[in-house]
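Me: Could you pick one part of this protein and go over it closely with me? I'm new to this, so please take it slowly and show how that part ties in with the rest.

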Amino acid sequence: MAIFWQDNIYGQVGNTAASHTTQVEAQVTYEISPFHVITSGLVANYDRIISDIFGSHPGVGAGFYVQDEITPLQSLKLTAGIRYDWQRIWKEIFASPAASSPSQLNPKIGLVFSPSPTTTLRTSYGEGFRYPSMSELFTSVNTGLSQITIVPNDSLKPERSVVI
């Protein structure tokens, strides 16, 4: 996928950006029985941006996941899974990668109990990971319309979350 963007201020072309993204994803679901299903998959991406406000940066990422869903009783469903995510963005094209290649192993577990046709109780726990976007890391803009200057921060760390 390719996206091109430019702003026009007072009839003149200002900032421009072109981003190119290639992503592949595969998922497999295996039904061991009607009461036991395993799902696994992977996702990989390559991103490249060329812009006067973000700079020129390539990046790659990958993730792998597996989930096991068991229904021991008609009223009870248990789900457990794990996902591994990894991301790397280069500060410049053909340069060394950013200081680190953050990754995280993200577990999740869930339970659904339906004691009656009109009542369902759910509980879950999961962890998440999100790497900063290229625009969050590298935006550098002085609009000239105000005294606001946006500076890059390539030291941003990934967001890590816990959901209960």
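Reply: Let's start with a word we'll need all the time: a strand here is a DSSP run of type E with at least two residues, and strands are numbered from the N terminus. Ile82 sits in one of them, strand β5, and that strand is the part I'd like to look at. Keep in mind that you're looking at a predicted model.

First, where does β5 fit in the whole? The protein has one helix and ten strands. Reading from the N terminus, the order is β-β-β-β-β-β-β-α-β-β-β. Strand β5 covers 76-89.

Now, which strands does β5 pair with? On one hand there's β4, which runs antiparallel to β5 and is joined to it by 13 bridges. These two make a hairpin, with two residues between them. If you want a place to find the pairing in the model, look for Gln67, whose bridge partner in β5 is Gly81. On the other hand there's strand β6 (residues 103-116), again antiparallel to β5, with eleven bridges joining the two. A good place to spot that pairing is Arg83, which has Asn106 as its bridge partner in β6.

Back to Ile82. Is this residue buried or exposed? Neither word quite fits: its relative accessible area is 35%, and the partly exposed range runs between 20% and 50%, so Ile82 is partly exposed. Ile82 also belongs to a nonpolar surface patch, along with Leu42, Phe64, Val66, Tyr84 and Leu105. Together they make a patch of about 520 Å². Both β4 and β5 supply at least two residues each to this patch. That means the hairpin partners meet again here, as contributors to the patch. For scale, the accessible surface of the protein comes to about 10900 Å², with 59% of that belonging to carbon and sulfur atoms.

There's a charged pair to find as well. Lys77 and Glu69 meet through their side chains in a salt bridge, at 3.7 Å from N to O. Lys77 has a relative accessible area of 34%, which makes it partly exposed. Glu69, at 24%, counts as partly exposed too.

Next, step over to strand β4 (residues 55-73), where you'll find Pro58. Its relative accessibility is 10%, which is under 20%, so Pro58 counts as buried. Its C-alpha atom is 8.7 Å from that of Arg88, although the two positions lie 30 residues apart along the chain. Thr39 gives another view of the neighbourhood, this time from strand β3 (residues 36-51). At 15% relative accessibility, Thr39 is buried. Setting aside neighbours within four places in sequence, Thr39 touches Gln27, Val28, Thr29, Tyr65, Val66 and Gln67. You've met two of those names already: Val66 is part of the nonpolar patch, and Gln67 is the residue paired with Gly81.

What about the inside of the protein? The largest nonpolar core has eleven residues, among them Ile89, Ile49, Phe54 and Phe129. Helix α1 (residues 134-138) gives the most to this core, with three residues. Phe129 has a wide circle of contacts: leaving out residues up to four places away in sequence, they include Asp85, Gln104 and Asn106. Asn106 should ring a bell, as it's the partner of Arg83 in the β5 to β6 pairing. Phe129 also touches Glu159.

Follow Glu159 and you reach another charged group. Its side chain forms a salt bridge with Arg130, at 2.9 Å from N to O. Glu159 lies in strand β10 (residues 159-163) and Arg130 in strand β7 (residues 119-130), so this pair ties together parts that are 29 residues apart in sequence. Arg130 also meets Glu136 in a salt bridge of 3.1 Å. Shared partners join Arg130, Glu136 and Glu159 into one network. Overall, the structure holds four salt bridges.

To finish, zoom out again. Of the 164 residues, 26% count as buried. Among contacts with a separation of 6 or more, 47% are between residues 24 or more positions apart. And in the middle of our tour was β5, paired antiparallel with β4 and with β6.

Key. Residues numbered from 1 in each chain as written. Predicted model: local features only at pLDDT ≥ 70, side-chain atom pairs only at ≥ 80, totals over all residues. Heavy atoms only, no water. Core = buried A, V, L, I, M, F, W, Y, C linked by side-chain atoms within 4.5 Å. Buried < 20%, exposed > 50% of the residue type's maximum accessible area, 1.4 Å probe, protein only. Helix = DSSP H or I, 4+ residues; strand = E, 2+ residues; numbered from the N terminus. Contact = heavy atoms within 4.5 Å. Areas by Shrake-Rupley, 256 points an atom, 1.4 Å probe, with all protein chains shown as cover. Patch = residues over 30% accessible without salt bridge, like charges linked within 9 Å, V, L, I, M, F, W, Y side chains within 5 Å. Pairing = 2+ DSSP bridges.
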